[in-house]
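Let's take a walk through this structure together. Keep the picture open while you read.

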Amino acid sequence: MATETKEYTYADVAAHDTKESMYVVIDDKVYDVSPFVDEHPGGEEVMLDVAGQDGTEAFEDVGHSDEAREILSKYLIGNLKRNENDPKPIKISQSAASSSGESSGGLPGIVYAVLAAALAAGGYYYLQLQQQQATA
Ligand code: HEM
């Protein structure tokens, strides 16, 4: 009740990554879910996977019910104060898959940029073609 909008940094959250004291970030809000770990219908393992981290994607991927969201809201302790170099929300399924192969960093960004450029160019030529056809 007394805890209103306290601000936590990612480092504050990361310090609570055990079953006994577990903070988790969901949608930039910080939850102390320690009392719930044992009760979680999905098991404690998955909770431990996101303990002290941003579990937004993991939480959303499961498609939790409104009831689950209500339970979550009971454990709200504050807001996350994000810094630029904080890690991105982790995704359980991906972190398991990507642990085997190490791909070079920066690539996805370039891939998106090239795709966007290709789409833009494609759209432009398509419009030009249409105009040519209309005036012919
Ligand atoms: C952090 C706070 C969390 C809360 C309060 C929470 C709450 C709940 C609740 C109430 C259920 C029962 C089904 C429902 O109502 O949707 C559930 C199921 C489940 N949760 Fe969570 N959950 C949390 C985090 C997570 C995370 C991080 C994962 C990671 C993948 C996860 C995975 C699952 C799975 C797999 C089930 C389905 C279990 C089954 O039906 O056998 N949960 N959770």
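Start with Asp27, which is partly exposed because 14 other C-beta atoms lie within 10 Å. As for the cut-offs, a residue is buried with 20 or more other C-beta atoms within 10 Å of its own, exposed with 12 or fewer, and partly exposed in between, with C-beta atoms placed from the backbone. Asp28 has 12 such atoms within 10 Å, so Asp28 counts as exposed.

A quick word on what you're looking at: this is a predicted model, where local features need pLDDT of at least 70, side-chain atom pairs count only at pLDDT 80 or more, and totals for chains, interfaces and linings use all residues. Residues are numbered from 1 along each chain as its sequence is written.

Where do you find Asp27? Asp27 sits in the loop between strand S2 (23–26) and strand S3 (29–32), and Asp28 is in the loop between S2 and S3 too. Helices (H or I, at least four residues) and strands (E, at least two) are DSSP runs, numbered from the N terminus. Most residues other than glycine have a negative phi. Here are two with a positive one:

| Residue | Phi |
|---|---|
| Asp27 | near 50° |
| Asp28 | about 65° |

Now for the ligand. Of the 20 residues around the ligand (C-beta atom, placed from the backbone, within 6 Å of it), Pro41, Gly42, Val46, Ser65 and Ala68 come nearest. Helices H2 (44–50), H3 (56–61) and H4 (66–74) are the elements that each give two or more residues to this shell. H4 gives the most, with four residues.

What is the shell made of? It divides into 14 nonpolar residues, five polar and one charged. Here Ala, Val, Leu, Ile, Met, Phe, Trp, Tyr, Cys and Pro count as nonpolar, Asp, Glu, Lys and Arg as charged, and the others, Gly among them, as polar.
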